[in-house]
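Visitor: I should like to understand how the descriptive terms for this structure are assigned. Could the Guide set each value against its criterion?

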Amino acid sequence: MLSCRLKTCPMSLLFRSFYDKLLAENYVSNGHGIGFSVLFLLAVLSALVHGVYTMFFLGTFSPELITEKITDFPTIEIRDGKIIQPENFFQRFSLGNGVHVTLDTTDNSEIIKDPSPNEIYISKNGVQFVKGQKLELMPISKLLGTDNVTITAQNVTDFVQKTADDMIFILPIFVFLIAIPILFFKYAILIYVLALFSYLATLFSPLSLHFESRMRLATVSAIPVLVFNFLFATVFGLFDLGIIAGVLITLVYLYFHLSRLTAAQSGK
């Protein structure tokens, strides 16, 4: 349950973790829970931004833009589930955001030529969807639902526009819902590993902390990097701190809070 007391309010912790020197004493030592509420809040905010971006992305598929992208798209004639026209043709079309469509009807079309991480590769006999290093092959007849059809640039424009219009509300909601557990799981694993690392950091220290406190310690140590990356990379689309900078900054916060806790326990 999300508590909004000043010491433990998830929204407050998102920003106070940057500068509040008393978090070690007030939250790590005397707080409750394991810090997952603030991670869940950050996952929801990030998922919401991804969902909104998806809606704007789908909204950019205007007929004029699509026509501009596929100005050289040839008329494709399919008979008996195979492309018969154009013959010996190869061309790659960029749809933006790293997405490419390649039409290859050459003799060696079964071998993908330098695919991008997100590519739709159309050969004589089928369509291959490239997702990173994973390939999904689908026969043309199964994809189109027919063995004989003629596809023109106008057909493609109408299809993409209709698909974008149909999904402009459904896909963002789907992205939002699926991103929450994925991001939360990612954050939770990171915090758990950092909490285990805190045992090594205090191996020769007289500091005594139970595991829940170490989880809260890991949370306030990692949150500044997570929030920074959320704002600058996810919201503004600029840059993130990367693995090396992120780890270094997280460790600086971790050792700072550990020094505060050690000093506080020594003073008792």
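Guide: Let us begin with a term: buried means under 20% relative accessible area, exposed means over 50%, and partly exposed lies in between. The model is a predicted one.

Visitor: What makes the side chains of strand β1 alternate, and which of them are buried?

Guide: Strand β1 covers residues 76-79. I76 and I78 point to one face and are buried, whereas E77 and R79 point to the other and are not. In a regular strand, side chains alternate between the two faces of the sheet.

Visitor: How do you know that β1 pairs with strand β2?

Guide: Two strands pair if at least two bridges are found between them. β1 and β2 (residues 82-85) are joined by three bridges and run antiparallel, so by that criterion they pair. Across these strands, R79 stands opposite K82, and E77 stands opposite Q85. In the hairpin of β1 and β2, two residues lie between the strands, and D80 takes a positive phi near 55°.

Visitor: What makes β2 and β8 edge strands?

Guide: The open sheet has three strands in the order β2-β1-β8, with antiparallel pairing. β2 and β8 each pair on one side only, and they are the edge strands. On average, neighbouring strands of this sheet are turned by 35° against each other, direction ignored. Strand β8 (residues 149-151) pairs with β1 over three bridges, and T150 in β8 is the bridge partner of E77.

Visitor: Why is Y192 called partly exposed?

Guide: The relative accessibility of Y192 is 40%. This value lies between the 20% and 50% limits, so Y192 counts as partly exposed. Y192 lies in helix α7 and belongs to a nonpolar surface patch with F185, I189, V193, L196, Y199 and F211. Together these residues have about 660 Å² of accessible area. Helix α7 (residues 170-201) gives the most to the patch, with six residues.

Visitor: Why is the pair of F232 and F239 called tilted?

Guide: Rings pair if their centres lie within 6.5 Å, and planes neither under 30 degrees nor over 60 degrees apart count as tilted. The rings of F232 and F239 have centres 5.6 Å apart and planes at 35°, so the pair is tilted. Ring pairs link F228, F232, F236 and F239 into a cluster.

Visitor: Are F232 and F239 buried, exposed or partly exposed, and how do you know?

Guide: F239 has 44% relative accessibility, and F232 has a relative accessible area of 29%. Each value falls between 20% and 50%, so F239 and F232 count as partly exposed.

Terms used
Residues are numbered from 1 along each chain as its sequence is written. This is a predicted model: local features need pLDDT of at least 70, side-chain atom pairs count only at pLDDT 80 or more; totals for chains, interfaces and linings use all residues. Side-chain values use heavy atoms; hydrogens and water are left out. Buried means under 20% relative accessible area, exposed over 50%, partly exposed in between (1.4 Å probe, protein chains only). Helices (H or I, at least four residues) and strands (E, at least two) are DSSP runs, numbered from the N terminus. Patches are made of residues with over 30% relative accessible area and no salt bridge: like charges are joined within 9 Å, nonpolar side chains (Val, Leu, Ile, Met, Phe, Trp, Tyr) within 5 Å. Accessible areas come from the Shrake-Rupley method with a 1.4 Å probe; for residues, only the protein chains shown count as cover. A salt bridge is a side-chain nitrogen of Lys or Arg within 4 Å of a carboxyl oxygen of Asp or Glu. Axes are lines fitted to C-alpha atoms, for helices over the stretch in contact, and angles run from 0 to 180 degrees between N-to-C directions. Rings of Phe, Tyr and Trp (its six-membered ring) pair if their centres lie within 6.5 Å; planes under 30 degrees apart count as stacked, over 60 as edge-to-face and the rest as tilted.
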